[in-house]
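Here are my notes for your first look at this one. Have the viewer open as you read.

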Amino acid sequence: MGEVKLIGAWGSSMTWRVQMLLKMKGIEHEYVEEDLANKSPLLLQHNPVHKKVPVLLHNGKAIAESLVIIQYIEETWENGPSLLPKNPYDRAVARFWAKYFDETCIPAMLKASKTAGEEREKAKEEAIELLKFLDNEVKGKKFFGGDTIGLVDIALSFGSYWFDIISEIVGLELITKDKLPNLCQWIDEFVNHSFVKENLPDRGRLTQIFTMFLGSAAK
Ligand SMILES: N[C@@H](CCC(=O)N[C@@H](CS)C(=O)NCC(=O)O)C(=O)O
């Protein structure tokens with residue numbers, strides 16, 4: 001299927017989403033590590049709009065934005081395991097929640113992690129209200145994808161391992177059993193899923209990197 005390159009950054013949950021699908025499908029590719037503090041001409045050339053990772057290069061053509069890349073991979077390498085349900089309605093629902101998490105929940109969660117005092121309490125309550133929709137969506141299920149990991153599970157990966165590390169660094173308690181019990185249960189299932197577990201980035205190194213970025217954030 002030609003030459004596949006992934007421009008990514010170590011520890012980036014958005015890069016990780018794509019890496020998981022490439023690995024699941026056994027797609028051979030070259031991984032190019034990007035220095036986000038000193039962006040390369042390769043990244044700037046192929047993602048001039050957002051200047052962010054991940055970017056997938058397929059036969060020299062660039063695709064940016066992790067959810068768009070996932071869609072592209074699913075449509076290009078149709079064989080092998082898929083993150084998307086077969087039924088078009090279920091696919092649309094999965095895409096809806098993935099988009100909702102990225103566009104609505106992540107900014108709210110980050111806001112709570114970067115603020116302090118009353119402002120943090122308000123931001124935290126707002127984020128919890130938004131996450132309740134996802135908590136309800138996964139109620140009674142092992143994964144958002146049912147018994148197996150699907151698009152929404154991969155899309156929410158930031159909300160599991162990565163956000164847990166951020167929360168620990170800044171002393172934030174946002175995803176708790178009393179407020180979001182089903183999401184807590186999902187996080188437990190997700191991070192302990194064998195495929196996920198063996199591919200998670202090292203916690204110590206990730207903590208160091210996030211501490212550098214969040215060093216001055218409220219505790
Ligand atoms: N919506 C984008 C978000 C990508 C993103 O935020 N990438 C981060 C790393 S996780 C990045 O490249 N940050 C560099 C920057 O913001 O300058 C996607 O889904 O791919």
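Which residues does UniProt list for "domain: GST N-terminal"?

1. UniProt gives residues 2–81 for that feature, in an unreviewed entry. Keep in mind as you look around that this is a predicted model. Across residues 2–81, helix makes up 36% of the chain and strand 21%. The C-alpha atoms at the two ends of that span are 20 Å apart.

2. Next comes the other annotated stretch. The same kind of label, "domain: GST C-terminal", is placed by UniProt at residues 87–213, again from an unreviewed entry. This span is 71% helix and 0% strand. Its end C-alpha atoms lie 41 Å apart.

3. Now find the ligand, which sits in the largest pocket. Around the ligand you'll see Ser-12, Met-14, Arg-17, Leu-36 and Lys-39, along with Lys-52, Val-53, Pro-54, Glu-65 and Ser-66. Sorted by class, that shell has four nonpolar, two polar and four charged residues.

4. Which atoms of the ligand pair up with Val-53, Glu-65 and Ser-66? For Val-53 the partner is a ligand nitrogen, 2.8 Å from a backbone N or O atom of the residue. Glu-65 uses a polar side-chain atom, 2.8 Å from a nitrogen atom of the ligand. With Ser-66, a polar side-chain atom is 2.6 Å from a ligand oxygen. As for cover, the ligand has 510 Å² of accessible area on its own, and the protein covers 71% of that.

Technical notes:
Residues are numbered from 1 along each chain as its sequence is written. This is a predicted model: local features need pLDDT of at least 70, side-chain atom pairs count only at pLDDT 80 or more; totals for chains, interfaces and linings use all residues. Side-chain values use heavy atoms; hydrogens and water are left out. UniProt positions are given in the numbering used here, feature names are shortened, and annotations may be inferred rather than shown by experiment. Helices (H or I, at least four residues) and strands (E, at least two) are DSSP runs, numbered from the N terminus. A residue is near a molecule or strand if one of its heavy atoms lies within 4 Å of it. A polar contact is a pair of N or O atoms within 3.5 Å; within protein, one must be able to donate a hydrogen and the other to accept it, and residues adjacent in sequence count only if both atoms are side-chain atoms. Accessible areas come from the Shrake-Rupley method with a 1.4 Å probe; for residues, only the protein chains shown count as cover. On a 1 Å grid over the protein atoms alone, a cavity is a set of points where a 1.4 Å probe fits but cannot get out, and a pocket is an open set with protein on both sides within 12 Å along at least five of seven lines; lining residues have an atom within 4 Å of a point. A molecule sits in a cavity or pocket if more than half of its atoms lie within 2 Å of its grid points. Ala, Val, Leu, Ile, Met, Phe, Trp, Tyr, Cys and Pro count as nonpolar, Asp, Glu, Lys and Arg as charged, and the others, Gly among them, as polar.
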